[in-house]
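Biologist: Could you walk me through this structure and tell me what stands behind the words you use?

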Amino acid sequence: MCIREHVYQCIIPPHMLEQIMAQGTPEQRDHAVQNIVAAERFRTQRRVMAEFAATPAPSALISPEKQRIVYNAQNRTNLPGVPVRSEGQPPTGDPAVDEAYDGAGVTYDLFNVIYGRNSIDDRGMRIESTVHYGVGYDNAFWNGQRMVYGDGDEDLPQDQRLFNRFTIAVDIIGHELTHGVTQYEAGLIYRNQPGALNESMSDVFGILVKQRALGQTAVESDWVIGGGLFTPNVNGAGIRSMKAPGTAYNDPILGRDPQPGHMRDYNNTLEDNGGVHINSGIPNRAFYVTAVELGGFAWEKAGRIWYVALRDKLRSASNFAEAADLTWQTAGELYGRGSLEQQAVRAGWAEVGILISEGGDGGGNGGDDDGYQGPSGCLPTLLTRAWVRYVLGR
Amino acid sequence: MRIYMERSGGFMGRKVKTAVDTSALPAEEAHNLHEMVDETHFFELPPVLEDGEGVDRFQYKVTVETMERRHTVETSEIAAPLELQMLLRRLTLLARTQSMRPSVSDVLDAPATPTTPATPPTDEPAPTASEDDAGLNEDTSET
């Protein structure tokens, strides 16, 4: 490995690294990883690592498997509850249990198969869910360690019920699990714009879980979060519309969907931690527009851009404008400066009233001749991190 | 005793409001509610209870008003002590099944003065008090 007087180092060409990672001995792979870590800001190597991580690895050291467990809180609020289904066990016949189990599985698969991520923490963390939480609990949440789902308002007569069980929509399960991913990555603070971005990330990957499960393209998807959650007593398609924020429901009892779809309608409320579930409509729509601009399956390009930005670039206090810049930069790094993908990201954010501040990369540097964007404070790619931890014994 | 509750946050992020006048409830239910309020030592609770931000958890703002005093507590689902959690669950259930007079926003905005005894229920139909109807930019929090 040669050292130049520039800030970045001379390294083995990407295709050779790829061969070493695929064919080399553990020691050789170790050296390749250290090479990559040393030059972590080289976007070409990061792309190699990401692509490698997305393909099945021959080594038993890289064979992530999902580990799921579902608990039954038995309508109480003590967590975790009673374990009722572990990984590999057959369906129980309890729809909430089996939906939580299956939904966690397809969410794990999206992150693992498409983005090379091994579970919530990228280290194979067991995915824990609790169902039948509380009585008449019309909610679901991530508590920092597990996903928890209520049964809706099951204690009311059928003609008064508004909510079904919260495991009924796979995008809700994906939404909650993604809160865990965000916690381990950007750690977006759950307040105001960072909180709305946190919420939006959960809706983005939640809807991608649903789209992938249904084999839907960006154009075919309804882009509705929580479809099927409402009973027929409610006038509404779901909880939120990423395609048209503010239109998901309009009901005499529930009221009207309060989400804005443009910065001009940003809601400076103090409730809901500064409107995190309300203002998420703005970045949601930005993602929708980006995905539809690109066409095809939204998880492949738009989702990848958003995932890499979440993993490597977004910071805990990032606001909408920063998220726009960072997703735009990520698109440039993944697909090239001026690429259709990068243009689509620009168009997505412009649609909601946010303009990319070109040349800003969070570190104040512009692009150089080979597209190097300057210091960004990014973490190594997922596989590099896993290797570093393994190598350093962490 | 009048109890006002606003709930925000949760996965759906919708705002729920309710107002309860215990004198309008059946005697046993009113008694239970009074007891639940007593068990929270409500008037000694700090005005804000915080314990992290609680992803997708509910946020509550509860006001209890008697002839002598009025007190408001803001809390998240997580931060509420057990007795307060039980009261909140009870109020949420009432929000789904109870109708109230007068309009919730009128009473919530009233100055903090001793109240007059509640008027007995009339025969006119009561507005549903349980849900906020649009409330897009309605913000009852103090700025």
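**Strand β1 and its neighbours**

Modeller: Happily! From β1(A), R68(A), V70(A) and N72(A) point one way and I69(A) and Y71(A) the other way, and all are buried. This is a predicted model, in which local features need pLDDT of at least 70 and side-chain atom pairs count only at pLDDT 80 or more, while totals for chains, interfaces and linings use all residues. Residues are numbered from 1 along each chain as its sequence is written, and chains are lettered from A and ligands numbered from 1 in the order in which they are written.

Biologist: Why is strand β1 of chain A called largely enclosed?

Modeller: A residue is buried if 20 or more other C-beta atoms, placed from the backbone, lie within 10 Å of its own, exposed if 12 or fewer, and partly exposed in between. Five of the five residues of β1 (68-72) are buried, so the rest of the structure largely encloses this strand.

Biologist: What makes β1(A) and β3 of chain A a pair?

Modeller: Strands pair if DSSP finds at least two bridges between them. Five bridges join β1(A) to β3 (residues 127-131), and the two run parallel; N72(A) has V131(A) as its bridge partner in β3(A).

Biologist: And how does β2 of chain A run relative to β1(A), parallel or antiparallel?

Modeller: Antiparallel: four bridges join β1(A) to β2 (residues 82-86). In β2(A), S86(A) is the bridge partner of I69(A).

Biologist: How many residues does each chain bring to the contact between A and B?

Modeller: Chain A gives 25 residues and chain B gives 25 residues, where contact means C-beta atoms, placed from the backbone, within 7 Å.

How values were computed: Contact = placed C-beta atoms within 7 Å.
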